[in-house]
Protein chains: 2
Amino acid sequence: VTTVWLDGALVTPAGAALSIDDPGVRWGEGLFETMRAEDGRVPLLGRHLDRLEASARALGLAPMPGRAEMEEAVAAVLAAAGRSPARVRLTATPRPTLLVEATPEEPLPPGPPGVRAIALRGAWLPGNRIAEHKSLSNLALRDAARRAARAGADHALLLDESGRLGEAAIASVFCAVDGEAVTAPARGLLPGVSREIVAEALGAREEALEEAAWRGAREIVVVNSLRGAAAVVEVDGAPVGDGRPGPMARRAHEALREALAA
Amino acid sequence: VTTVWLDGALVTPAGAALSIDDPGVRWGEGLFETMRAEDGRVPLLGRHLDRLEASARALGLAPMPGRAEMEEAVAAVLAAAGRSPARVRLTATPRPTLLVEATPEEPLPPGPPGVRAIALRGAWLPGNRIAEHKSLSNLALRDAARRAARAGADHALLLDESGRLGEAAIASVFCAVDGEAVTAPARGLLPGVSREIVAEALGAREEALEEAAWRGAREIVVVNSLRGAAAVVEVDGAPVGDGRPGPMARRAHEALREALAA
């Protein structure tokens, strides 16, 4: 059961549609955020909306929905959807269009689950500044996720042409190397809300690790602000570290649990 | 006045909308073609649909509208729109959704007009395979076109990080250098229908020209299958060649006029 707000009111999900003249529909010209709601609110709403507004300014998208309107819509959807855990997606386009959807979501697991990944060389383009925004032009990440699913994996790790590790589809990535937490600089990848929280919690440094370095990492952890952290226990069929969730994954998960319950 | 076909029937333009669950709306996951109609038909329809179907296969998009359905929809829209020149946009998503729109368009000019361009370094990413498809995830090209418009220019020339010339937003580009026509190889850029026609007519060779080479070209010509060819007579405020449309622009325009009238 999805609860839907579109342009000023709650609407019936089955009939919710955007005009063919909407720039979001016609050109993928628009932004979205996917957020976790707990107990009838989105604890990280402010950070997500900050990012969305920064992207709108950087891309020159206007007119966009206002801040108060976005906050009001999220509150209205959650008032209707109830207090159970929910995934909230907010979509904004420069028509302006504002769409907010809430869908029931599993509780956060108590610890980080183990997941499998494949690596896609050339799928991270560090010079791609458009990829630094969470936009409706999302075909590249969808393509990467589809290739992972076809290979029976949960995530795709996106590498540059040389094999350096950038991000995942659809998550940020941290590696444990020589006792340090390492994540790629936010060039050509999404400066995720969960990436920021986990980087601070782990005291991570920024480096795009060479292929030998990340494949030899003791842990690889993927994080997003909907599902928390997961431990990548296998990449391209080979185990990561000892093949089980490790201490860095647990610390990342705990940091996100705290932030998402605040 | 726009004539619109959506999912099996002609519809009222003002009410035409796509579901929020459509992958095209949600993720920019879909393809489109913009085509020229003359005398009630689209002369290059077969080539445009070939390209769209090849992209759908390459990206694993399914289920997509069938070929016969796309041809029927274009015919129905043009039967309703009449025989004047029109811009026909066909949009297809893996819901499947099929949208065809026809809008009146100016006649092709008798010769290539002169246009102005700006150059955007880093906006062409040769490793970006997603950019080889005409997809609804079009934010990068829209952003480039918007930057050109803000600078008072008609087109944006997209350069790689080193200043080599790739394509334009939204057109393919040919340069006259040492008496030869040169265009970039189709890596990280759209293998345009008009690019193919003009490359054959001019006997063009493929090379990504260094900045000094293309800035010193005798002519720079932009082509698309809606408006034919135009001569770029100024880039970043500096004249190209003698600052007027030249023989290569005229030959390119003539080749497209013939193809579009066939």
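**Two chains and their salt bridges**

Let's start inside one helix: A:R147 and A:D143 are 4 residues apart in helix 4 of chain A, which means about one helical turn separates them. When I say helix or strand, I'm talking about DSSP runs numbered from the N terminus, with H or I over at least four residues for helices and E over at least two for strands.

Quick housekeeping. This is a predicted model, where local features need pLDDT of at least 70 and side-chain atom pairs count only at pLDDT 80 or more, while totals for chains, interfaces and linings use all residues. Residues are numbered from 1 along each chain as its sequence is written, chains are lettered from A and ligands numbered from 1 in the order in which they are written, and side-chain values use heavy atoms, with hydrogens and water left out.

Back to our pair. The side chains of A:R147 and A:D143 form a salt bridge, N to O at 3.5 Å. By salt bridge I mean a side-chain nitrogen of Lys or Arg within 4 Å of a carboxyl oxygen of Asp or Glu. So, buried or exposed, what about A:D143? A:D143 is buried, at 3% relative accessibility, whereas A:R147 is partly exposed at 30%. The cut-offs there, with a 1.4 Å probe and protein chains only, are under 20% relative accessible area for buried, over 50% for exposed, and partly exposed in between.

Now, the place where the chains meet. Chain A puts 36 residues into the contact, and chain B puts in 36 residues; contact means heavy atoms within 4.5 Å. People often give the size of an interface as the accessible area lost when the parts come together. Here, chain A and chain B bury about 3300 Å² between them, with carbon and sulfur atoms giving 54% of that. On the chain A side, the residues losing the most area to chain B are A:I20, A:W27 and A:L139, together 22% of what that side buries. Buried area, by the way, is the accessible area (1.4 Å probe) that two parts lose on being put together, summed over both.

How many salt bridges are there between the two chains? The count is 8. One of them is A:R142 with B:E29, whose closest N and O atoms are 3.0 Å apart. There are also 23 residue pairs in polar contact across the interface, both residues at pLDDT 80 or more. Which parts of chain A supply at least two residues each to the side touching chain B? They are strand 3 (17-19), helix 1 (23-27), strand 6 (97-104) and helix 4 (139-150). Helix 4 of chain A gives the most, with 7 residues. By class, that side of chain A has 16 nonpolar, 9 polar and 11 charged residues. For the classes, Ala, Val, Leu, Ile, Met, Phe, Trp, Tyr, Cys and Pro are nonpolar, Asp, Glu, Lys and Arg are charged, and the others, Gly among them, are polar. And a polar contact is a pair of N or O atoms within 3.5 Å; within protein, one must be able to donate a hydrogen and the other to accept it, and residues adjacent in sequence count only if both atoms are side-chain atoms.

Strands pair up across the chains too. Strand 3 of chain A runs antiparallel to strand 3 (residues 17-19) of chain B over 3 bridges, and A:A17 stands opposite B:S19. Strands pair if DSSP finds at least two bridges between them.

On to salt bridges within chain B; over all chains the structure holds 49. B:E206 meets B:R195 at 2.9 Å, closest N to O. Because B:E206 lies in strand 12 (residues 205-206) and B:R195 in helix 5 (residues 193-202) of chain B, the pair ties together parts 11 residues apart in sequence. B:R195 is buried, at 9%.

Last stop, B:S55 in helix 2 (residues 45-59) of chain B. B:S55 is buried at 5% relative accessibility. Which residues does B:S55 contact, leaving aside neighbours within four places in sequence? They are B:L31 and B:H133, and the side chains of B:S55 and B:H133 share a polar contact of 2.7 Å.
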